[in-house]
Amino acid sequence: MQLFDVYPLFGLEPVSGKGSYVYDKNGQAYLDFYGGHAVISIGHSHPHFVKRLQEQAAKLVFYSNSVQNPLQQALAQKLGALSGCEEYQLFLCNSGAEANENALKLASFHNGRTKVITFKGAFHGRTSAAVNITDNPKIVAPINRNYEAEFHEWNDLESVRTSLAKGDVAAVIIEGIQGIGGIHVPEPAFLEEVANLCRSQDTVLILDEIQSGYGRSGSFFAYQYTNVVPDLITVAKGMGNGFPIGGVLIHPRFEAKYGLLGTTFGGNHLACAAGLAVLEVLESEQLIPHAKQLGEQLMVELRDFSAVKEVRGHGLMIGMSMDFPIKPLRKQLLFEQHVFTGSSADPHTLRLLPPLNITEQEAEQFLSGLKTGLQQYHQTAKI
Ligand SMILES: Cc1ncc(COP(=O)(O)O)c(C=O)c1O
C-alpha cells in the first residue's frame, strides 16, 4: 500500500531527538526552532516525560471513559493550578481540531445559534466545523460549508460590534496569537471589548490557544496579556510534547450533562501521563518565565538584522517579517545551517517556535546560523 500523498516533504529523516535538537541517521544534529510545528514544549525526549510514559505504558495504556481514571482528575487539577484557570472544567480529546470542534458544539448547544465569527488568516483545524472557520478555502470541502462563518479583519472592532449587535452569533473564535496567519498579536483593548460584547449578547467567546498556549507566549495562555475571561479555551500541541492530546477548558457557567460530549481515546491513561509530565516539567524548570525572558531577548536581537522588517510575538512564539519571500532562506537554514524554522501563510514571515527550554547558547547558535544564512541568501540572490 502507498501513502496518500498529501504532504510535500523535505529530504530529511530525523531518527532521534534530545532537548532542542533532532538527529538524522548520519548523526547530523538539527536545531529545532520550529518545535515540530509548535508541539515540542519541554524538549525532545525529555527524561521525565520518557520515564512517565514508560511507567504508564507498562501499567495501563488505555481503558474507556466508562471507568474511574484519577489521572484525568490529576491533569485537570494541575492544569488549573498552573494556568490560573482553577474554576474551569476540562474536557479531554486528542487534537487541536477536535478541541475546536467540541468548543463550537458547546457554544451552539449553549445559545442554540449557528453563525460563527472568525478572522482573516485564522487556522482552527481541518475537521468539519473547525475547517469552516479556517481562512483557507482550498481545504474546505462542500460538506464543511454547513453553517455561516463570517471572516473579519484582525483587530477590527467596529465590524465585530456591528455583526454581534444582530444577536444571532453563536461564537467568536480567535487565536490567542494568530499562528499560521503569520504571528499576529491581538490588541488587548480589541480582545477585551470583543469579550464584553460577547457577554452582552450571550455569544460564546472561544480562545484558541492550541498554538499560543502552554507557556509558548511567556504566559500560560497568550490571552492572559489582557483582562479577558474566555468562555472556552482550546488546547493541544504543547500539551503533550508530541503525544496526541487536546482539551477544552470550560467556564463554570457551562453545565455538563451526561452524553453532551464524548470520545473513545480522549483522556486515556497514557495521554494523561504525557500531559502531566509536561506540566510537571513546565513547573519544576520554570519554563514559562524562561520563555518570556529569552523570547524578549531574542526579539530585540532579531530586530537588529537589516533584512528584518518587523518582529512580532510574545515569548517563544515569534514572527520575523522579512523584506523578501522566506522560502529559499528557510531551505538554506535547514540544509546549510541545520536549523528548522517554520513558514506561515504570509510568504515573507518566518515563524520561530522552539522548545520552551532552549538555552541562551542555542539561541546564539540560531542567531549566528541566521546571520550566515542571510549572507548566503543575499550572495545567491545577487548571482
Ligand atoms: C491555532 C490552531 N488551532 C487549531 C489547530 C489544529 O490542530 P490539530 O492539527 O492538532 O488538529 C492548529 C494547528 O496547527 C492551530 O495552529
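Let's start with one pair of strands: strand 12 and strand 14 run antiparallel to each other and are joined over 4 bridges. Within this pairing, Ile-318 sits opposite Leu-352 of strand 14. Keep in mind that you are looking at a predicted model. From here we can step out to the sheet, the two domains and the ligand.

**The sheet and its helix**
- Strands 11, 12 and 14 make up an open sheet of 3 strands, in the order 11-12-14, with antiparallel pairing.
- Strand 11 and strand 14 are the edge strands, so named because each pairs on one side only.
- On average, neighbouring strands of this sheet are turned by 15 degrees against each other, direction ignored.
- Helix 9 lies across strand 11 and strand 12, and its direction makes an angle of about 170 degrees with strand 11.

**Two domains in contact**
- The domain assignment builds domain 1 from residues 14–46, 286–365 and 372–382, while domain 2 covers 47–284.
- Their C-alpha centres are 26 Å apart.
- Domain 1 brings 27 residues to the contact, and domain 2 brings 31.
- On the domain 1 side, at least two residues each come from helix 1, helix 9, strand 11, strand 12 and strand 14.
- Helix 9 gives the largest share of that side, with 5 residues.
- The domain 1 side is made of 12 nonpolar, 11 polar and 4 charged residues.

**Around the ligand**
- The ligand is surrounded by 14 residues, and the closest are Ser-95, Gly-96, Ala-97, Gly-125 and Ile-210.
- Helix 4, residues 96–111, supplies the largest share of this shell, 3 residues.
- Sorted by class, the shell has 5 nonpolar, 7 polar and 2 charged residues.

Definitions and conventions:
Residues numbered from 1 in each chain as written. Predicted model: local features only at pLDDT ≥ 70, side-chain atom pairs only at ≥ 80, totals over all residues. Domains from an automatic or database assignment. Contact = placed C-beta atoms within 7 Å. Nonpolar A, V, L, I, M, F, W, Y, C, P; charged D, E, K, R; others polar. Near = placed C-beta within 6 Å. Axes fitted to C-alpha atoms, helices over the stretch in contact; angles between N-to-C directions.
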